[in-house]
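Have the sequence and the 3D view side by side before reading on. The paragraphs below move from one residue to the strands and helices around it.

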Amino acid sequence: MIRLQISWIWFSLNKSNLRIDGNSGKEETLGDSLGDDEIYSGGSFYTNPPDLGRFYSTVSHVDVYSPACKRARISAPFLFEPSGFEQNKRPSIEVLPDECLFEIFKRVPEGKERSSCARVSKKWLMLLSSIRRSEFCNSNTVAEEKKETAAPVCNDVEMVSCEDSGEVESDGYLTRSLEGKKATDLRLAAIAVGTSSRGGLGKLLIRGSNSVRGVTSIGLSAIARGCPSLRALSLWNVPFVGDEGLFEIAKECHLLEKLDLSNCPSISNKGLIAIAGNCPNLSSLNIESCSKIGNEGLQAIGKLCPKLHSISIKDCPLLGDHGISSLISSASSLLTRVKLQALNITDFSLAVIGHYGKAVTNLSLSVLQHVSEKGFWVMGNAQGLQKLMSLTITSCRGITDVSLEAIAKGSLNLKQMCLRKCCFVSDNGLVAFTKAAGSLESLQLEECNRITQSGIVGALSNCGTKLKALSLVKCMGIKDMALGMAVPSPCSYLRYLSIKNCPGFGSASLAVVGKLCPQLQHVDLSGLCGITDSGILPLLESCEAGLVKVNLNGCMSLTDEVVSALARLHGRTLELLNLDGCRKITDASLVAIAENCLFLSDLDLSKCAVTDSGIAVMSSSEHLNLQVLSLSGCSEVSNKSLPCLKKMGRTLVGLNLQNCSSISSSTVELLVESLWRCDILS
């Protein structure tokens, strides 16, 4: 009986040309579409049931399953008897135990045939996904059984082997992502079955989970069995996935290189230990808010994953010095990127990093409340961070003037330094740090409120030969005052200057910075509402290299004089200009831009006092080729600008007309029709 069932499965799959929708005439592949919750039960192959009679000459009481002509299927197998056709209440194929179906499915070739089987019902899909890739019979075995089982049913039916179906080696080329309500075990099972013959699944990302039928270890196990080529796995906010899922991943996916676990409360040390013991190629590990993962898991990763080069650990309350120090010391030869945030570690862990972090090039330490000044001082003086190139420290009370200087002396190749919310760092510490860090190229200070204008000037003078970028964000300690001493030697290599939302930074401070930085190309002064024309004009005049990008968003006191000077002095290099919120900018600025800016491609005039006349001037310019133009909130620009905007549309790819109260919806519709290449916001 089982052999007859196999025969009819093979016959139906090949005869129907593997179609799910008989009306459409299109073959469907499993891929992404399979996995929807709309799985239908079986139905008759022919629309006219009596046509089946000619196939029943050799075998009686044989049930046939195949797709119907409609998407909705009706279970309608028939038995041939002398009295005619009689409909069964239940297809006999469904009577078979799972063990028999398992044996049948093992012999289904990879590709279209297996995908068609998976579409029959949820039960068949889950059974197929439960078969390990290694458990499927090879193509020769399948071909032989197909020949044996096909002959009794119909001698003129040609069966196709797996070798003829275009089987693709599973090397892990595909990426799949499930988010929110789409993340279910059923979809994971569909992915496991559908990707095996299409290059193999290499990367899987699961973001969130269905609130009713969320992802569990069952779905992850299906991925493990069907996708041994998996190299990257990311699980975010999947509370029902536990250690059992990771056990299967570890058992089957030995090529795994990247593992990302975030908000996975059911995964513990056991799952991580299994990964460590079976995935020697693991090179990147990210763990965030996993309350059951502790020191034992990290110890195993450090000892058993010799290729590990990147770790990121955040907010895991069970992790302490023992786990971090063991991981760092065990993986010291290749570990290049380390990120630790909100952990219960002490000075001991930082001492280990300073001693064993010989290969570390990127280090990020955030919200380490139990690390004192001594910990950072020892990390710097251990002299082990010789290859460190980028360091980010956020909200660590242990960073003081003394420890900051020690870090600079112990990291001679440090090029990028970012300090955020380090309330105990003062001007003295900043100046000492920049003096000792001879290779520093980028310095970012955010909410370091003890830093003043004096510290900034001292840092610039110390880094005159190397520093290329300086960024200050929300540094409330900076007060606007004229420099009381002679201007030090200029910082001739500085190309990027960003000063954002520092309310005390005014015209006097900006004038000093302008004299110190003659080679600026990128200037971002967003949110400096206190600067005036007298402060920014000296900076524009001192920039010898030519400004390329200028952001003056929120500088409400600037007038047309600044824009005119900018266009006149830097029109041959300027590519981006943001004047959002500069309410004193009028059409006069647009005249200067139209006449002088040859390469300007991005212009933001949001909430400026420009009118239709200014738009007309820009549209008539022969050399102005804007690609992005924002007029959001420009109430004086009206429907009269329609011809001008159409003319400018020959180069525009982005146009923002939001909150333009004088432009009607009909005008916007006309623009949308005319400027088909342009993305218009309204």
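Leaving aside its neighbours within four places in sequence, with which residues is isoleucine 267 in contact? The model shown is a predicted one, and in it isoleucine 267 touches Leu235, Val241, Gly242, Asp243, Leu246, Leu261, Lys292 and Ile293. Isoleucine 267 itself lies in the loop between E6 and helix H9, which covers residues 269-278. Its relative accessibility is 0%, and because buried means under 20%, isoleucine 267 counts as buried. One of its partners, valine 241, is 26 residues away in sequence, yet the two C-alpha atoms are 7.0 Å apart in space.

Next come the strands. Strand E5 takes in residues 232-236, and 4 of its 5 residues are buried, so the strand is largely enclosed by the rest of the structure. What lies beside E5? Strand E4 (residues 201-207) is joined to E5 by 5 bridges, and the two run parallel. Strand E6 (residues 258-262) also pairs with E5 in the parallel sense, over 5 bridges. Leucine 233 of E5 can be used to follow both pairings: leucine 204 stands opposite leucine 233, and leucine 233 stands opposite leucine 259 in E6.

Helices complete these strand pairs. E4, helix H7 (residues 217-226) and E5 form a right-handed β-α-β unit. E5, helix H8 (residues 243-252) and E6 form a right-handed β-α-β unit as well.

Further along the chain, look at two helices packed against each other. How do H10 and H11 lie relative to each other? The axes of helix H10 (residues 295-304) and helix H11 (residues 321-330) come within 8 Å and cross at roughly 5 degrees. Angles under 35 degrees count as roughly parallel, and H10 and H11 are therefore roughly parallel to each other. On the H10 side, the contact is made by Asn295, Leu298, Gln299, Ile301, Gly302 and Lys303; these meet His322, Gly323, Ile324, Ser326, Leu327 and Ser330 in H11. By class, this contact has 4 nonpolar, 7 polar and 1 charged residues.

The last stop is helix H19, residues 560-570. Which of its residues are buried? They are Asp560, Val562, Val563, Ala565, Leu566, Ala567 and His570. The cover over these buried residues includes helix H18 (533-542), strand E17 (549-551), strand E18 (576-578) and helix H20 (587-596).

Note on methods:
Residues numbered from 1 in each chain as written. Predicted model: local features only at pLDDT ≥ 70, side-chain atom pairs only at ≥ 80, totals over all residues. Heavy atoms only, no water. Axes fitted to C-alpha atoms, helices over the stretch in contact; angles between N-to-C directions. Helix = DSSP H or I, 4+ residues; strand = E, 2+ residues; numbered from the N terminus. Parallel < 35°, antiparallel > 145°, perpendicular 65-115°, else oblique. Contact = heavy atoms within 4.5 Å. Nonpolar A, V, L, I, M, F, W, Y, C, P; charged D, E, K, R; others polar. Buried < 20%, exposed > 50% of the residue type's maximum accessible area, 1.4 Å probe, protein only. Pairing = 2+ DSSP bridges. Right-handed = clockwise from strand over helix to strand, strands pointing away.
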